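Q: Please take a close look at one part of this model, a place where two helices pack against each other. Describe how they cross and what makes the contact.

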Amino acid sequence: MAEDSDLPVTSKTATATATDKKPATKIKKLTLIPLIFLIYFEVAGGPFGEEPAVQAAGPFLALLGFLIFPFIWSIPEALITAELTTAIPGNGGFVLWADRAFGPFWGSLMGTWKFLSGVINIASFPVLCIDYITKIFPVFSSGWPRNVALLVSSLALSFLNYIGLTIVGYVAVVLAVVSLLPFILMSLIAIPKIRPHRWLSMGQKGVKKDWNLFFNTLFWNLNFWDNVSTLAGEVDKPKKTFPLALLVAVIFTCVSYLIPLFAVIGSVSVDQNAWENGFHAQAAEMIAGKWLKIWIEVGAVLSAIGLFEAQMSSSAYQVLGMAEIGMLPKVFGIRSKWFHTPWLGILVSMLIETAVSYMDFTDIISSANFLYSLGMLLEFAAFLWLRWKSPTMTRPYRIPMKLPLLVIMCLIPSVFLVFIMVIATKTVFLVSGIMTLGGIAFFFFIKLCKKKGWAKFYHHQLIIEE
């Protein structure tokens, strides 16, 4: 069914227009295995960064959180991503869904929220990487050495993203294997030292529970499943590949968080306040020796690289997808002649990420979570609206539930999203509010650009099988 020309396009149509109807270049598409590991690095990248959950609420609640949260958050988000990505496969992902459901204003605002939350989240990975390196080289703890290290790492990792998405996919496979091996070894070595009663500890007396840090840590470690939807136009046979890749990635991610957490909590007795970012490396030294600590610290750096690459790809291809549907000027849809990557999307993402990386780590996580929560509330609404208003739309993968059950499935994580937003700090409210107003102003500015002819835009039709 042909829709209004303002609506987004399928990936096939977008590719044809983005090259101005020149003969299409043979592009190597992402296959199942690289896609699984890209999704894994979109979300987790290993158990790095889960430690503050123990510091914030104690061992038992941390374990309970990582056991329960995937069911109320990760699985529903992954299911929705599988259904909508296979129904509307194209670069831009969730932007296309909001546009299809509610029109270009909400599509544009979705793009603003998700893009900014994505690049803010990307900024946390150089910080996490430097935090681990600091444990070996304390010189990077502060001052100009730390600032230079953050800048150099951002530039180098962005260049790797520029040289190709398929390369990033296969690099993700290698990085995941190498970074997870020390945790497997640590968990095995820890078995004789495990004392199960430690798993039931509610935390030390006198240590106040920090619910803001606890829930933000869970959320940060288990969200962003839908980010991979912005790469749908680059995936081989997306209607078949996406559902299977998401299923495997969900299982893989949950296991990679829980096994090391059970092992370390059960085998190591330390002050609860020691459970800060990077504590797994300290625990590895207590369990097996300094050699394993160094390996985990190296693994943390490799994991941060994988996280950076996967999420930078999603942000850059979101920019490309928004250009292909006319939400951004045509220039943002230009690809590199050498690597066929969206170089301008990568550049814009890198500049914002580099600036944000100098913020406080907790503020980075909280700001990303707040903007992402706004986007997810809109995404849930778009999903339910499309199920209601377009029931006959072709959905190669369809969640096997009727609308009332789907409403419940979306309502539970939505309550959690609202809670995450309510407990945010004044700084996060201020930053997120300014960015939202900026996104609204940007939509009307783009409309003015189209009206005045200040920039060139693509004009498309959305073809959806009904």
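A: The answer below covers the helix pair and then turns to two single residues.

The model is predicted. The pair consists of helix 4, residues 59-87, and helix 15, residues 403-422. Their axes come within 9 Å and cross at roughly 120°. Because angles of 65 to 115 degrees count as roughly perpendicular and those over 145 as roughly antiparallel, helix 4 is oblique to helix 15. The crossing of the two helices is left-handed. On the side of helix 4, the contact is made by Phe69, Ile72, Trp73, Pro76, Leu79 and Ile80. Helix 15 contributes Met409, Cys410, Ile412, Pro413, Phe416 and Leu417. By class, the contact between helix 4 and helix 15 has 12 nonpolar residues, with no polar and no charged ones.

Elsewhere, Ser267 is found in helix 10, which spans residues 238-267. Ser267 has a relative accessible area of 11%, so it is buried, the cut-off being under 20%. Its side chain reaches the backbone oxygen of Ala263 at 2.6 Å. Leaving aside neighbours within four places in sequence, Ser267 is in contact with Ala190, Lys193, Ile194, Arg198 and Ile287.

Lys205 lies in the loop between helix 8 (165-190) and helix 9 (211-222). With a relative accessibility of 85%, Lys205 counts as exposed, since the threshold for that class is over 50%. Lys205 and Gln272 are 67 residues apart along the chain, and their C-alpha atoms are separated by 9.9 Å.

Methods
Residues numbered from 1 in each chain as written. Predicted model: local features only at pLDDT ≥ 70, side-chain atom pairs only at ≥ 80, totals over all residues. Heavy atoms only, no water. Helix = DSSP H or I, 4+ residues; strand = E, 2+ residues; numbered from the N terminus. Buried < 20%, exposed > 50% of the residue type's maximum accessible area, 1.4 Å probe, protein only. Polar contact = N/O pair within 3.5 Å; in protein donor to acceptor, adjacent residues only side chain to side chain. Contact = heavy atoms within 4.5 Å. Axes fitted to C-alpha atoms, helices over the stretch in contact; angles between N-to-C directions. Parallel < 35°, antiparallel > 145°, perpendicular 65-115°, else oblique. Left-handed = near helix turned anticlockwise from the far one by under 90°. Nonpolar A, V, L, I, M, F, W, Y, C, P; charged D, E, K, R; others polar.
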